[in-house]
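Student: I should like to work through this structure by question and answer. Please take me from single residues to the chain as a whole.

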Amino acid sequence: MESNPKEYQAEVEANRLFYPVTLEMTDLAKPIIKEVEITPGISSILGMPMFANHNILVNAKSMTFQGYLYNSNRPDPVATLKDVRVTATKYQNPSGRYEVRVYIDYYITSHGFHSDGLRQALIFKNRDGGVIHTRDFQYDMVWFKCGWNGVYRQHTFLDTTYVSWFDLWEGITHKVDGVSLPC
């Protein structure tokens, strides 16, 4: 007896336990640049111990957006990322080299799904939309649990070799991929 490929594909889709996740970004704002004073107390919180004994003025750029994680088979999000903020701070370390420290933080809410880790990357763009820098968070993934409602998450990285992208940064893409499972 021959099987119908369309019926077989429909059966496979119906019995699937997980689906690929993608991120949709909305309400993307232009970066805001500020001169910020880092005090010794803030320095220790930010993981910048080299400034533990004195205040320092730094340039910081910040960009905000909202994010919605979708499974490929659902019209509704499996999770939402609210008040997403990407902040990059450029400063000169005590040895005279420039560094850029980047934070991405947000509040995540699960909508009946969970994930043990979605790979993420930030793609920094210039004013024309051209890619000027990328950063893959290989070991610092987006993850969420069943029942999470507005749980705060933060990821960070330090760039010490290529910092000129900071001055050109005008746009961003936050890529997230992986799978989520129903609760």
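Student: Is Tyr107 buried, partly exposed or exposed?

Tutor: This is a predicted model, and the accessibility is computed from it. The relative accessibility of Tyr107 is 37%. Buried would require under 20% and exposed over 50%, so Tyr107 counts as partly exposed.

Student: How are the rings of Tyr107 and Tyr152 arranged?

Tutor: A pair of aromatic rings is described by the distance of the centres and the angle of the planes. For Tyr107 and Tyr152 the centres are 5.4 Å apart and the planes make an angle of 55°. Planes under 30 degrees apart would count as stacked and over 60 as edge-to-face, so the pair of Tyr107 and Tyr152 is tilted.

Student: Which strands does the pair of Tyr107 and Tyr152 tie together?

Tutor: The two residues are 45 places apart in sequence, so the pair ties together separate parts of the chain. Tyr152, like Tyr107, counts as partly exposed, with 41% relative accessibility. Tyr107 belongs to residues 98-110 and Tyr152 to residues 151-159, which are strands β5 and β8.

Student: How far apart in space are Val151 and Tyr107, C-alpha to C-alpha?

Tutor: Val151 is also found in strand β8, and it is partly exposed at 27% relative accessibility. Beyond its neighbours within four places in sequence, Val151 contacts Tyr106, Tyr107 and Ile108. Although 44 residues separate Val151 and Tyr107 in sequence, their C-alpha to C-alpha distance is 5.1 Å.

Student: With which side chain does Thr80 make a polar contact?

Tutor: Thr80 is placed in strand β4, residues 79-92, and is buried at a relative accessible area of 7%. Leaving out residues up to four places away in sequence, Thr80 touches residues including Tyr107, Ile108 and His111. The polar contact, at 3.3 Å between side chains, is with His111.

Student: Which lysine lies over the face of Phe166?

Tutor: The charged end of Lys90 sits 5.3 Å from the ring centre of Tyr98, over that ring. The face of Phe166 is likewise covered at 5.3 Å from the ring centre, and the residue lying there is Lys61.

Student: Which residues form an aromatic cluster with Phe124?

Tutor: The whole structure holds five aromatic pairs. Phe124 belongs to one aromatic cluster, and its partners there are Trp165 and Trp169.

Student: Which parts of the chain does the disulfide of Cys146 and Cys183 link?

Tutor: A disulfide is a covalent bond between the sulfur atoms of two cysteines. The structure has one, in which the sulfur atoms of Cys146 and Cys183 are 2.0 Å apart. The two cysteines are 37 residues apart, and the parts linked are the loop between β7 and β8 and the segment after β9.

Student: What is the handedness of the link of Cys146 and Cys183, and which of the two cysteines is exposed?

Tutor: The angle about the S-S bond is -110°, and the link is left-handed. Cys146 counts as partly exposed at 37% relative accessibility. At a relative accessible area of 55%, the exposed cysteine is Cys183.

Student: What percentage of contacts in the chain, between residues at least 6 apart in sequence, join residues at least 24 apart?

Tutor: The chain has three helices and nine strands, in the order α-β-β-α-β-β-β-β-β-β-α-β from the N terminus. Of its 183 residues, 40% count as buried. Among contacts between residues at least 6 apart in sequence, the share joining residues at least 24 apart is 70%.

Key:
Residues are numbered from 1 along each chain as its sequence is written. This is a predicted model: local features need pLDDT of at least 70, side-chain atom pairs count only at pLDDT 80 or more; totals for chains, interfaces and linings use all residues. Side-chain values use heavy atoms; hydrogens and water are left out. Rings of Phe, Tyr and Trp (its six-membered ring) pair if their centres lie within 6.5 Å; planes under 30 degrees apart count as stacked, over 60 as edge-to-face and the rest as tilted. Helices (H or I, at least four residues) and strands (E, at least two) are DSSP runs, numbered from the N terminus. Buried means under 20% relative accessible area, exposed over 50%, partly exposed in between (1.4 Å probe, protein chains only). A charge sits over a ring if NZ of Lys or CZ of Arg is within 6 Å of the ring centre and within 35 degrees of the ring normal. A polar contact is a pair of N or O atoms within 3.5 Å; within protein, one must be able to donate a hydrogen and the other to accept it, and residues adjacent in sequence count only if both atoms are side-chain atoms. Contact means heavy atoms within 4.5 Å. A disulfide is a pair of cysteine sulfur atoms within 2.5 Å.
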